[in-house]
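These are my notebook entries on a structure that I looked through one piece at a time. I begin with a helix and what covers it, and then move outwards.

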Amino acid sequence: MKAEIDGAQIEATQALTLAGDLESLKLARISHLGDRSTIARISQSLGSLDPSLKAPIGKALGEARNQLNELFEKRLAELTLKRDQEVIESERVDVTLPLRRTPKGGIHPLTLIDQEIADIFIGLGYRVMEGPELEAAWLNFDALNIPADHPARTMQDTFFLEPLESNLVLRTHTSPTQIRTMLTQEPPIYVICPGRTFRSDELDATHTPVFSQVEGLVVDQGISMADLKGTLDYFAKKIFGDEVVSRLRPSYFPFTEPSAEVDIFFNGRWIEWGGCGMVNPNVLETCGIDTEKYSGFAFGMGLERTLMVRHQVADIRAIVEGDVRFSRKFGMGGR
Amino acid sequence: MLVPLSWLAEHVKIPHGTTPESIAEAFVQVGFEVEAVHITGADIEGSLVVGRVLEIEELEGHKKPIRFVTLDCGEGKERGVICGARNFEKNDLVVVAMPGSILPGDFKIASRMTYDRLSDGMICSMRELGLGDDHSGIVVLPEGSAQVGDDAREALQASDIIFDIAINPDRGYALSIRGLARELAGSLRTTFSDPVERIRSLELETKRSVPPTQVKIDDGAERIYLRSVVDVRAHAQTPLYIRRRIEKSGMRSISAAVDVTNYVMLELGQPIHAFDRSKIAGTLVVRKASPSETLKTLDGTERKLVAENLVIADDQKVLALAGTMGGENSEVSEATVEIAIEAAHFEPIAVAKNARSQNLSTEASRRFERYVDPNLAEIASKRAVELLLEITGGSYIGSSDAGAGVNDVEIEVKASAINSLIGCDYSISEIEEAFHLVGCKVVGKGEEKGELLKVTPPSWRPDLRRNSDFAEEVARIHSYDRIPLTLPFARASGKPSDVLTLRQRRRRSVTAFLASRGFSETQNYPFSSDEFIKQLGFTGDRAKTFRLANPLSDEFPVLRTHILQSLLPTAARNINRGNNGVAIFEIGSVFRAIDGVASTEILTTGKRPDQKSISDLFASVPTQPMMIAGVIAGSVELAGWWGKGRQGDWSDAISFAMEIVELCGSSGEVRRSDFAPWHPGRCAEIRVGERAVAHAGELHPRVVELLGLPERSVAFAVLLDALAQSPVIHPGELSTMPPAIQDVALVVDGDVSAESVRLALIEGAGELLESIELFDRYDKVGEGKISLAFTLTFRAPDRTLTVEEVNEFRLKATELAKERTGAQLRS
């Protein structure tokens, strides 16, 4: 009987080992370990055996069964893995295929840089103020120390609304938003005023009658031109890179005194970036701000020009014509 | 303004070895932008000599008149040259480029046979020499200005450095050699010699043979000086050095008298006019024009004067547009023997109005608009008479003047206030130095440890009145580069606010959403035309436009009332350029003159207007709502290896509009609409509450055709400002009980909207309805009817619903749908 067990074990081992897939393993298990297998038959006959034989045969049988069960589990694991690998291999796809099913869109770079600038100044504690594009002439000119018939008014070719007595203009800068801010808020004031502005220049490679500006205004106690210089230098480095150098040059604007142009040294040359200065006390007084207590600075840049310099856009028409190929290059958030 | 260094150097001690670049930089440092530096004369090589015309032989039978000119160039023999110009005569002195010389533009001069003669050199024009624009004839030198055989470069003062300097409007005084020399000297810290000093002490010899012409001011001038000269030879030639300086400054030499006035204007900054004194009837007066008057100005234009024009007139007629241009009726001619030299301070605004109303900007008006020193009229007119007598001879018979110059003012300036405004520590002596360099006098020091200075600004600097004005002078004279850098952070403001406003946040999220869904953002000009707006079908309030008084083009004279008015042409431009999959959007302002065009007030300045005036001003500016619009003229899903793509259709447009509304935290209700510029049968209106906030759908076929867009292009527009901040959301408890799902198929007439059926089902189903989805729409039921199949999901918070309950809800839902829309259960 012992020999019979050994024989069955050898046969079963052979069958389990040779089973090449899960199906044949299952069949081998049924025929060698199932109810009708030799081992099962011997196990059933164990009760009728001589008691002296019962223990050794039972032990041999148990050992054989354990060994075979172990082998089965091992083979099951092996064959399951094999099957899984085959299935997965057969399901392999080419993940490098072109995948995009929606067309590629893009945010206009003017919007991207507008957001970038807003975030820079929010980081300094500023707020972003907006104002109307169609604006009262008093806010666009007079309140900014640009009286009627002053040569400075003709510096800015203005679009006027009909009838002229309406005193409505398309704002020539976002400075009227500064005036609105000073007329409605008490200092300290730390704001930027981005937006679209208008001047009656014909469209060509470097001019557009509709363009975007960002202006900044700070009114607080003890604000100096050094603060202006430091703020613009920080701003320039954030926009154009840490290696950029900025400088101020004396200039003239009716709404600032002293006034300056801000230049940046970028890509090997000085580039005029914007205008700035200390807010003219006449402007502060028109807004009811105590010039004994407060001083302020203001600055303004063209966003198209900033983009043209930073991204090396040679022709401003690419920015204003709305060709989808232009915005798409900037995608969702490129800079 | 063009300024030759040779002229500046007469009044500024230029340190040895100073380069043109360092002079330009010195100007820039103190606020004078140098737009260009022209180096003249350096590109003439070889021999350029002064020659005298001995003979002129006219060569006949050529296409143009040609002269063969025999010259004496000081060589001891004659030289023959062919010349096409005709503005010279026998015995004139001319400039001859000898064979072997090279003129600007690599123009090599050689002996050559032409017109059957040996042309042995060239007689030159200013342009050929690179010294000016004049090419109307060759250069004829005044007799006595040079000798035959002289180096003509010397005679013409050809070698020079000319700076083209932009002068800001607050620096009228710098539109002169005197002003710029002072600035350059200040910037270089070198000596400045003021030309006015000599003239001030100059005594003109007066011959009282006849009384001088009298002058008076009625209006528009603070000061006028009139000096009369008789027995002049007006045809005398302008000395070469004056002519060359005028030419180098970008003006033209005209006649002795005019050249003198221009020369003095360039030298001192005071515009001067020369009248033919014999044409003046009685007294000269500065007054306003009366509307019936006319004047033929020196440019040959017959001008109708208006009441705001300031003129100079005599007892009978208008003689000049004050500060702007003289008139032909008193022009100095070659025959003139008596001249009246006028110099004035006209009110800047009066001259600005002259220039603007007559559309005539001149060298004189540019200076007067920017303020001419009232104390200069006396000096400059004296200088002009001095030069005139020198050139034309004659006798000075005296002057007449009216008005008064300005008196010195004394202003207290606080050094500490300058330092705190600039953020820099200037010493008292540095501050004083800056004041001296710009022409101020420091007349005294106050008590406070010497930091209070009493300053008298010069008469040409009316802009120096306040602390900040003086601070600018100190900062620029000591260079803005010296100012340190500090970075201020916002201190806690009195008025806390969100980092970004609702509008700003929405703008960001909507932009990112649409871009991620395949749209390209555009920013278009907000201009349109009434005709185009009408063609798109806009009517009523949506077609009430604001009109520009001075549009760039007659094609776009009004402001858009809707974003699509500027977005649709951009879509068409993209299509025309062959761009694929055009899906674009814009967020921007729209302008509707719903209440007509209100007038906005011009308030006072200098102190805060009263609160009501401010509020009224803000209220009178039209509201300009922010709108977003999109156009899809192509695919919303691309074709590829996975299969076919899909064109955007009306449903995409409505869906995008709905998603934008939802992105802003509102929930919209879709209704049918018939609204331009959409297809009347394929247009939806989205309402939030009772307000229509968006429209979307297929564009009207007529609009599509008009713009050449692909058929069935679609569009949407959402009035972002109409969307309120979203209410607080109450999500309720999430039930863990099982859902009960019921499908209903309903048959309705073809013109019943699915939304109306859906809303009826929702209302009828009761509050345990968790969700409802339209899962099928079938329009081939027959008799013009359609079938709509919905899945209704019910769930109770606290129990499993019974079949009976759910059947009851379903029945109530379908009954209400029947009542509202005539829906029948589909059998």
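Entry 1, a covered helix. I looked up what lies over the buried residues of helix H12 of chain B, and the cover includes helix H11 (415–422), strand E26 (441–445), strand E27 (452–456) and helix H13 (467–477) of chain B. I noted that helices (H or I, at least four residues) and strands (E, at least two) are DSSP runs numbered from the N terminus, and that two residues are in contact if their C-beta atoms, placed from the backbone, lie within 7 Å. H12(B) spans residues 428–437, and its buried residues include Ile431(B), Ala434(B) and Phe435(B); buried means that 20 or more other C-beta atoms lie within 10 Å of a residue's own, whereas exposed means 12 or fewer, with partly exposed in between. These three cover an arc of only 100 degrees around the axis (taken from the directions from the helix axis to the C-beta atoms), so they are on the same side of H12(B). After H12(B) comes Gly439(B), with a positive phi near 100 degrees.

Entry 2, how to read the model. I wrote down that this is a predicted model, in which local features need pLDDT of at least 70 and side-chain atom pairs count only at pLDDT 80 or more, while totals for chains, interfaces and linings use all residues. Residues are numbered from 1 along each chain as its sequence is written, and chains are lettered from A and ligands numbered from 1 in the order in which they are written.

Entry 3, a sheet in chain A. I found an open sheet of 7 strands with mixed pairing, in the order E1-E5-E6-E10-E9-E8-E7, where strands pair if DSSP finds at least two bridges between them. Strand E1 (127–128) and strand E7 (245–253) of chain A stand at the edges with a single partner strand each, so one side of each has no neighbour in the sheet. E1(A) runs parallel to strand E5 (residues 189–198) of chain A and is joined to it by 2 bridges, and Arg127(A) has Val191(A) as its bridge partner in E5(A).

Entry 4, one residue of chain A. Is Leu183(A) buried or exposed? Leu183(A), which is found in helix H8 of chain A, counts as buried because it has 20 C-beta neighbours inside 10 Å. Leaving aside neighbours within four places in sequence, I listed Cys287(A) and Ile614(B) as contacts of Leu183(A). Its C-alpha atom is separated by 8.8 Å from that of Ile289(A), although the two are 106 residues apart along the chain.
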